[in-house]
Amino acid sequence: RVRAGRVGMTAAAALSVMPSRDAKIFVPTVKARRQPRRSVSRKGRMGDLAIETQGDEVEDPDDFGVERGVPFTRKRAFYRVESAQARDLAMLLASVHSDEAVAASSSSFRDADRISGGVSVLDAMSGCGVRCVRYLLQGEVSSVHANDADPNVMDTLSENLAGAHARGATGVSSVTNVDAHRLLAKCYLDEARYDIVDVDSFGSENLVSATMRCVKLGGYAYLTSTDALALCGKSPGALSANYGGAIVAPNTQGVNELGLRVFVGDAVRIGAAMGLKVTPMFSLFHPHGPVFRAMLRVEALVGDWDCGSVGHVGRCRACGDARVVDPGELGGAFCHRCDAIRASFRDDDGSIGGAMDRRSCLEVSGPMWLGPLHERSTVEKLRSKAAEKGWIGREGASVEDGTKVKGQMSLEALLGSFAAESDPRLPPFHHRTDELGRSGRGLKRGIPAMKAWVEELNSRGFAACKTHVDSRGLKTNAPMEQIVDAANAVTHARDTASNVT
C-alpha cells in the first residue's frame, strides 16, 4: 500500500514528474504529518457542527462545511452545495470501480494498464477540493491529482487534502495550479492516463477531446456543462459552435432532456472520431444552473462506429407527439400522427380542404444521443454501493445541515429513476403531463396522478416511468392514443371510486 502523499507542490514541480502510462504514483511522496487537532463547535451556515481544524487559528464559521460526513474548508474557493448530489454519484462510481480494480488485480487475466496500482483520479477543476477529499476518503481511490487555475485557492485546496490524509486517507495526492487546457495537454504529451478524469467545467467550455486523451481504456470521464441557454436552444450560435453544429428547438416540451442528450451525443461523436467507444453510465440534469452532467465509460472502438446511436428527434407543436427523425427526412420532417388525422378528412374525390390541407412540420433537434441515458447494470451497482455506505433511506440533501435543494430528489429516488429510465425500450424524449392535458389533446377528466398513469401504461405492456429531468415528465414507448386512453381510464376509475364513497 502506498503512503499518504503530502500536498502543496508547485505546478512546475508536479507537472515535471507526471507519470508514464505504467507509473503507479504521480508525485514523490512522504508520509503526511499528523498535527494536533482540536474540535471547535462553530455556528454558521452549516449549523452547530463540530469542525476539526489544524492549529488554533480562529476562522469564519461560513468558511467550513460538512458533506456526507466529510468536513472541509471552502474559504477563498468556489463551492456549490447544490452539486453535492453529483459528487455523491461520482464517489459511488469511483468506489465501485475501485472494487473492480481490486478484484481484477487478483486475476491472472487482469488488464495491467487499467489497474496500474489502483484507481487514479484527475480533478482538473477542483475549486475548494471537497470532491478530491471525498475521492480519497469515500471513493477509495489510490491517487488523486487536484488542479485548479486559480492561484488564490491553492492554500485551501492543499489544506483540505492534508485534512483528508490526517483522517486516514491512504491514497497519494498532488496539487497543481495550471489552466485545465494546458494540464490536459501536458498529461497527453507525457502519456499520463487516469482511471477517472473529472472536469467540472463552467458554461460550454468544451474539453471533451482533451479529456478523452487522458482516460485509460476502460476508465471514465465525468463531464459537465452549465450553458443551458445553448443546450436548450436559446443561444443557437453557442450551441452550434460548441456542440458540433447541433440545433435544439427552443421552448419545445421536454427541452431539458433534449439538451442533455445533445451534450452526451457530442461526447459520443467526438470519442468515435478518436477511435473510442463512449457510453453513458449515468446522465444527470439538475435544475440549479441548470447543470448537465454525464459519467462516460471510454473504451477502444472495435469495428465501425454505430452512428445510429446518435440522431435527431422531432416534436409536433400541433398535437404534441414526438418521434425519432430518419436522416432522410431532415430536409422536411412531418408529423405522422397529424398526417393520419389529416387523411381521415379527405373528400370523396381524395382532396383535402381548409386548414387540414396544411401538413404539420416537426420541430427537429439534434444530433443527440438516442440510447438510454444510463447503463442499468452500473446503476444497480451504484444503488448497492449507496446502501452499503448508508446513503440510502436518508431524505434530504447530501450536506450535514439537512439543507434540501429545491428541485432535487433524494439520492435513493434519483437512483431509482435512473434504473427506470435505463429501459432500452423507452424513447429518447418524454412528454410533459401539463402539455398532454391541454385542451384538444384528448384528456377528458383532467391529468391523472403520475404513479397511476405509469402503472396503467405498464399494465398494457408498455414501458413507462417518470423522468428525473422533469417532475412532470412522462417517458413511455406507448403511442399517443394509448397515452391519452390510459389517462382517461385512470381518471374514470378515480371519479367512479369517488362517487361510490
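This is a guided tour of one predicted model, to be followed stop by stop in the viewer.

**The whole chain**

Begin with the full chain in cartoon view, where 16 helices and 17 strands can be traced. Of the 501 residues in the chain, 55% are buried. If the accessible surface is displayed, it comes to about 21,500 Å², and carbon and sulfur atoms contribute 50% of that area. Among contacts with a separation of 6 or more, 69% join residues that are 24 or more positions apart.

**Stop one: F282 and F418**

Select F282 and F418 next, and show both rings as sticks. The two rings form a stacked aromatic pair, with 6.1 Å from centre to centre and 15° between the planes. Because F282 belongs to strand β10 (residues 276–286) and F418 to helix α13 (residues 411–421), the pair ties together parts that are 136 residues apart in sequence. F282 is buried, at 0% relative accessibility, and F418 is likewise buried, at 0%. Now add Y222 to the selection, since Y222, F282 and F418 form one aromatic cluster. In the structure as a whole, the count of aromatic pairs comes to four.

**Stop two: charges over rings**

Move to Y188 and display R213 along with it: the charged end of R213 sits over the ring of Y188, at 5.5 Å from the ring centre. For a second arrangement of this kind, select K389 and W391, where K389 lies over the face of W391, 5.7 Å from the centre of the ring.

**Stop three: Y79 in its loop**

Go now to Y79, which is found in the loop between β4 (70–73) and α2 (84–105). Is Y79 buried or exposed? With a relative accessible area of 16%, Y79 is buried, because the cut-off for that class is under 20%. Show the side chain of E67 as well, and a polar contact of 2.7 Å between the side chains of Y79 and E67 comes into view. A distance drawn between the C-alpha atoms of Y79 and G65 reads 9.8 Å, for two residues that stand 14 residues apart along the chain.

**Stop four: the salt-bridge network around E67**

Keep E67 selected and add R68, R87, D88 and R134, since salt bridges that share partners join these five residues into one network. The structure holds 34 salt bridges, and the next stops visit three of them individually.

**Stop five: E375 and R297**

Select E375 and R297, which form a salt bridge whose closest N and O atoms are 2.9 Å apart. E375 lies in the loop between β14 (362–369) and α12 (376–389), while R297 lies in strand β11 (residues 291–300), so the pair ties together parts that are 78 residues apart in sequence. R297 counts as buried, at 18% relative accessibility.

**Stop six: E481 and R337**

Turn next to E481 and R337, whose side chains meet in a salt bridge of 2.7 Å, N to O. This pair links distant parts of the chain, with E481 in helix α16 (residues 480–500) and R337 in helix α11 (residues 336–343), 144 residues apart. The burial of the two partners can be checked by colouring according to accessibility: E481 is partly exposed, at 46%, whereas R337 is buried, at 18%.

**Stop seven: E380 and R383**

For a salt bridge within one helix, select E380 and R383 in helix α12. The closest N and O atoms of this pair are 3.3 Å apart. Because E380 and R383 are three residues apart in the helix, about one helical turn separates them. Both side chains can be viewed from outside, as E380 is partly exposed, with a relative accessible area of 34%, and R383 is partly exposed at 33%.

**Last stop: R261 and its surroundings**

Finish at R261, in helix α10 (residues 255–273). At 3% relative accessibility, R261 counts as buried. What does R261 touch, if residues up to four places away in sequence are not counted? Selecting its contacts brings up M368, W369, L370, G371 and L373, then P427, P428 and F429, and also K475. Within this group, look closely at G371, whose backbone oxygen lies 2.7 Å from a polar atom of the R261 side chain.

Definitions and conventions
Residues are numbered from 1 along each chain as its sequence is written. This is a predicted model: local features need pLDDT of at least 70, side-chain atom pairs count only at pLDDT 80 or more; totals for chains, interfaces and linings use all residues. Side-chain values use heavy atoms; hydrogens and water are left out. Helices (H or I, at least four residues) and strands (E, at least two) are DSSP runs, numbered from the N terminus. Buried means under 20% relative accessible area, exposed over 50%, partly exposed in between (1.4 Å probe, protein chains only). Contact means heavy atoms within 4.5 Å. Accessible areas come from the Shrake-Rupley method with a 1.4 Å probe; for residues, only the protein chains shown count as cover. Rings of Phe, Tyr and Trp (its six-membered ring) pair if their centres lie within 6.5 Å; planes under 30 degrees apart count as stacked, over 60 as edge-to-face and the rest as tilted. A charge sits over a ring if NZ of Lys or CZ of Arg is within 6 Å of the ring centre and within 35 degrees of the ring normal. A polar contact is a pair of N or O atoms within 3.5 Å; within protein, one must be able to donate a hydrogen and the other to accept it, and residues adjacent in sequence count only if both atoms are side-chain atoms. A salt bridge is a side-chain nitrogen of Lys or Arg within 4 Å of a carboxyl oxygen of Asp or Glu.
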